[in-house]
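Biologist: Please take a close look at chain B of this model. I would like to know how it meets its partner and how its helices pack.

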Amino acid sequence: MSIFIDNGTRLVVQGITGRDGSFHAKQMLEYGTQVVAGVTPGKGGQAFEGRVPVFDTVAEAVRATGANTSVIYVPPMLAAGAIYEAADAGIPFIVCITEGIPVLDMTRVMPYLQERGARLLGPNCPGLISPGQSKVGIIPGNICAPGRIGLVSRSGTLTYEVVNQLTRNGLGQSTCVGIGGDPIIGTNFIDCLAAFQADPATDAIVMIGEIGGTDEQKAAAWVKAHLTKPVVGFIAGQTAPPGRRMGHAGAIISGSSGTAAEKMAAFESAGIAVMKRPAEVVSLLQARL
Amino acid sequence: MNLHEYQARALLKQAGIPVPDGDVAETPAQVEAIARRLGGPVVVKAQVHAGGRGKAGGVKLAKDPAEAAAVAGKILALTIKGLPVRKVLVAPAADIASESYVGIILDRESQRPVFMVSAAGGVDIEEVAAKTPEKIVRLAVDPRYGLLPHQAATLAFALYRDLKQVRAAARIMEQLYGAFMANGASLAEINPLVTTPAGEVLALDAKVVLDDNELERRPDLAGLRDATAEDPSEVRAREAGLTFIKLDGNVGCVVNGAGLAMATMDLVKYYGGDPANFLDIGGSSNPEKVVNALRIITQDPNVKAILFNIFGGITRTDDVANGIVAATKQFPVPVPIVIRLTGTNEREAVKILEAVGMTALNDMDDAVQKVVALVKEAA
């Protein structure tokens, strides 16, 4: 078991013939993901890598292949349109890798998805991987290993750093999810924590947050009230100055709100073990398993 | 992207919001001419991207054009929070009967634009929110339908009782919402929204922050960026496609990915060092980006050592190694470099570095401890 994706995931890649889309589609195929279709308007009828059929629209791809998950690698000004299209085609799980989507676009996308019961992961996220089963997005497969730790993070490369520590020390993962660094995202910490709590293949959870917003504080309260599995947490940005956007659009301390100290305190009061540095993830988890 | 007050006022004016006359100037002589044209007492305000302008002496009243020129001379000589004042706004000193606050933020929680209005205006709204949250009325707008008439009225009634003023304020709410959406803002605020003794409702000061992600499709807005109001190293970094924020420490950091970059700075601090910057070279691994990163960091005289922390995924570590080698051939790097790299093409990267006598570490903690030790030795 795992969360959100598994052996039954049938993936359509939106933007499969683009520079990023084609590179990562190849990587996903090599990992063993069932990439059943690609979409690039105007390139319908072609075959990607000689084996994946390309369609003009997502609706055609779904009708022809039974795709149940989509991943989006299209430029930022076209990405909201790609999300609408996937939801309209009835895809229940949409992963958007694209960085740089205007936030006002996302305020309109979110209610559209809610009306159709679709879940969005991202945007501006590395996607997710259920090691040994399926990978959707850009997380390097070679640093992951199958196992029983669930990981959820707002970051990309910091996630790889932590996953690498886990794998090297024999702690495999059920699913690793990158929820993205934007202010408005489709799937938040609590959504992932709830899924991990319900997943019998997950024994413990690693949560990697960062400065900006209050998602971590809310997640901490949820952990306290609902979660029975052990949780280990990290917050990046203790040295970040207020009022500056630290790379991620959502990583900004506004006034005195959204600081690392505030989030770490919330973690501690919820019984989440707080890592002082990424390498501590191993010892903190081992003490709780 | 932060706009100057004079730019924000212009956007509000375009949307039809009543904003007092006024103009921007760069010399005392220009200020004097504007003050003469406006007539009567004026206020001269520093145009810098820093809060607390008033406390820093950047906002002054002047009773006539000569005094306006004199205070402008002083303000234009100021440096506020490290930023030199190059422009001032000159506006009539308004007679004020009451001050309110009106703002729209993009709220992460409701995932909608949210109005915040308060009859307690003219002060720091964060302070009001922290101490007396009951004095702020909040209202989330569904962007599919926009601000509905009864919502605008509700917000206006939270500020005024006089029906003429309520109508004027409701109209301003609609106009402000229009400006917020039309310009892709993440914050638009009028503080204060004032009433005059004659009963008029006016926007006296404006603040607008635009979503950087809008700028690609809005060259007109991108043109509002004032590069002279930013740190020159940050301007160079942006032009080179790097995300860079200058800090006060002495350990230069070059990292791929924003989260890892923050965690690296934190680890430098954890081991007793002080980061000189935040720098994310991004997901692609163009060696030229690495060259530019090193060029910008070596220009900071505070930097005593440089740390590379690269976790190769999409970023190929051999590309980064090639960039480091290329940079050291193009210009002198006068401080030691500590390199940590792991992931994609790690073996090739190590070979490239070893060929020029450099070494690479594999572990993040080891690398950070080493660079902190080097800086302490140099001190």
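Modeller: What follows goes from the contact between the chains to the domains and then to two helix pairs. This is a predicted model, in which local features need pLDDT of at least 70 and side-chain atom pairs count only at pLDDT 80 or more, while totals for chains, interfaces and linings use all residues. Residues are numbered from 1 along each chain as its sequence is written, and chains are lettered from A and ligands numbered from 1 in the order in which they are written.

In the contact between the chains, 42 residues of chain B meet 43 residues of chain A (in contact: C-beta atoms, placed from the backbone, within 7 Å). On the chain B side, at least two residues each come from strand S8 (112–118), strand S13 (243–246), helix H9 (258–270), strand S15 (277–280) and helix H13 (364–378) (DSSP runs numbered from the N terminus: helices H or I, at least four residues; strands E, at least two). H9(B) gives the most to this side, with 11 residues. Sorted by class, the side of chain B that touches chain A holds 19 nonpolar, 10 polar and 13 charged residues (nonpolar: Ala, Val, Leu, Ile, Met, Phe, Trp, Tyr, Cys and Pro; charged: Asp, Glu, Lys and Arg; polar: the others, Gly among them).

Chain B is divided into domain 1 (21–92), domain 2 (98–222) and domain 3 (231–378), with bounds from an automatic or database domain assignment. Between domain 1 and domain 2 of chain B, the C-alpha centres lie 26 Å apart.

One helix pair is formed by helix H2 (residues 28–38) and helix H3 (residues 65–75) of chain B, which pack at an angle of about 145° with their axes 8 Å apart (axes are lines fitted to C-alpha atoms, for helices over the stretch in contact; angles run from 0 to 180 degrees between N-to-C directions). H2(B) and H3(B) make a right-handed crossing (near helix turned clockwise from the far one by less than a right angle; left-handed if anticlockwise). From H2(B), the residues involved are B:Pro28, B:Ala29, B:Val31, B:Glu32, B:Ala35 and B:Arg36, and they meet B:Pro65, B:Ala66, B:Ala68, B:Ala69, B:Ala72 and B:Gly73 of H3(B). This contact of H2(B) with H3(B) has 9 nonpolar, 1 polar and 2 charged residues.

Another pair consists of helix H10 (residues 287–298) and helix H11 (residues 317–330) of chain B, whose axes come within 7 Å and cross at roughly 50°. H10(B) is therefore oblique to H11(B) (roughly parallel: under 35 degrees; roughly antiparallel: over 145; roughly perpendicular: 65 to 115; oblique: the rest). The crossing of H10(B) past H11(B) is right-handed. H10(B) makes the contact through B:Pro287, B:Lys289, B:Val290, B:Val291, B:Leu294 and B:Arg295, and H11(B) through B:Asp319, B:Val320, B:Asn322, B:Gly323, B:Ile324, B:Ala326, B:Ala327 and B:Gln330. By class, the contact of H10(B) with H11(B) has 8 nonpolar, 3 polar and 3 charged residues.

As for the partner, chain A is assigned domain 1 (10–121) and domain 2 (139–286), and the C-alpha centres of these domains of chain A lie 26 Å apart. There, 9 residues of domain 1 are in contact with 6 residues of domain 2.

Terms used: Two residues are in contact if their C-beta atoms, placed from the backbone, lie within 7 Å.
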